[in-house]
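Visitor: Mind walking me through this one? I'd like to start with how far to trust it, then get into the fold.

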Amino acid sequence: PIGERCVKTDCAEYTKANLKVWIIHHYARGAVFGIIITIKIPAAQDNGGHTNMASLSLRHIYKKYPGGVIAVSDFNLEIKDKEFLIFVGPSGCGKSTTLRMIAGLEEISKGELYIGDRLVNDVAPKDRDIAMVFQNYALYPHMTVYDNMAFSLKLKKTPKAEIDRKVREAAEILDITQYLNRKPKALSGGQRQRVAIGRAIVRNPKVFLMDEPLSNLDAKLRNQMRAEIIKLREKIDTTFIYVTHDQVEAMTLGDRIVIMRDGFIQQIGTPQEVFNHPANLFVAGFIGTPQMNFFDATLSKKGDKYVATVQGKDFELPADKQEALKKMDRVPTDIIAGVRPVHIHLSQDGIDAMVDVSELMGSELHLHVNSNGKDVVIVVPTTDIDLDAVHGSHKPVKYSFKPELMHFFDKETEKNIF
């Protein structure tokens, strides 16, 4: 009875498969008074192979702030198990806000978020089985590296032996075993970032979230850490969602890239897809270094062939684009032609231009030229040119490009025509 002091309890445990039964015997009354049955759901394996994985589904996600500010609009995305997905875009595009909604640090204004088959809109961050690596490391300065990495496991009341095993395994993966007894102030920026990643690894989460983890590092260290993350991904085969504004990180790290602008998804695709087939002007200008050159152009039919007129010169479109245009109900006349700097070559019978600035980059020469009042960037290998003839300011050059390497956008909608 409630309120009656229990003289003595005895607990017998019977285990069969994943069913556990506890029988509690009340000796004072000489009878069994309670049977508790719990079904244990098999946990994801923690065998060093990190097979704890999850897919994610974001369905019509919105984020609205007081005052009518909409940070994310109608965000729809399916993320596969073990996928390395990149959110990329300029500052203020909503990429970090979306990541924080996945983590549970921001409330979802509208829409549904699933991790696996579980709706997690109202699930607390600690119960979502995710780990997040922040831009500013967020390490405890008074704790050693070991204690920083072990902290979340201690809060879960994990056995000490298991904590020690997980921390040392993660430290070995990240090559920071020799720093386990140091405090964060005695570490370099790259080492601190490894500790922050290690703190996430020990939790063996379903999903890793990384919010611009390399932006605080210098260029050399950033390149090094980018390589480290690629190696890490091979060792820990789980789902990664990575936020960055650096397109080099996006192109080298991700299986797929989500390009965002003003809270809207602009394009989703593999790095090569978004580079070769940008969906619109924004994506074309954002992906690729140096940025794509854009020219006002016209599209017309001469005879039975379509030609693009750029800077007063006609370029006959390749066969696949000819066929595509013939099938279109409406063929735009005023268009924007895009050409990447690396796809422009110097040519004796090309378009006239004058060099404003030339930058010798070792194996490449970057030429900033003025062509009929328009700034154009050209990247040419130094092995293919006479450096003395073109390197330096106020030197005349002629350039051209191959039609199959050109991109064509509707001037009105800014969408890729093909």
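**Confidence and fold**

Guide: Sure. This is a predicted model; the protein averages a pLDDT of 88, and 87% of the residues score at least 70.

Visitor: Where does pLDDT stay under 50?

Guide: Over residues 1-51, though the model still has 71 contacts beyond four places in sequence for them. Where pLDDT is low, the predicted coordinates should not be read in detail.

Visitor: Okay. How many helices and strands in the protein?

Guide: Ten helices and 22 strands. Of the 418 residues, 45% are buried.

Visitor: What's the strand order in the open sheet of six strands?

Guide: The order is β9-β10-β11-β6-β12-β13, and the pairing is mixed. β9 (130-133) and β13 (264-269) are the edge strands with a single partner each, so each has one side without a neighbour in the sheet. From one strand to the next, the twist averages 15°.

Visitor: And how do β6 and β11 run?

Guide: Parallel, with five bridges joining β6 (residues 84-88) to β11 (residues 239-244). F87 sits opposite V243 in β11.

Visitor: Which helix packs on the sheet, touching β9 and β10?

Guide: That's α4, whose direction makes about 175° with that of β9. α4 (189-201) also helps cover the buried residues of α2, as does α3 (160-174).

Visitor: Which residues of α2 are buried, then?

Guide: In α2 (residues 145-155), they are V145, Y146, N148, M149, A150, S152 and L153.

Visitor: What follows α2?

Guide: K157 does, and its phi is positive, near 60°.

Methods:
Residues are numbered from 1 along each chain as its sequence is written. This is a predicted model: local features need pLDDT of at least 70, side-chain atom pairs count only at pLDDT 80 or more; totals for chains, interfaces and linings use all residues. Side-chain values use heavy atoms; hydrogens and water are left out. Buried means under 20% relative accessible area, exposed over 50%, partly exposed in between (1.4 Å probe, protein chains only). Helices (H or I, at least four residues) and strands (E, at least two) are DSSP runs, numbered from the N terminus. Contact means heavy atoms within 4.5 Å. pLDDT is the predictor's confidence in each residue, from 0 to 100. Two strands pair if DSSP finds at least two bridges between them. Axes are lines fitted to C-alpha atoms, for helices over the stretch in contact, and angles run from 0 to 180 degrees between N-to-C directions.
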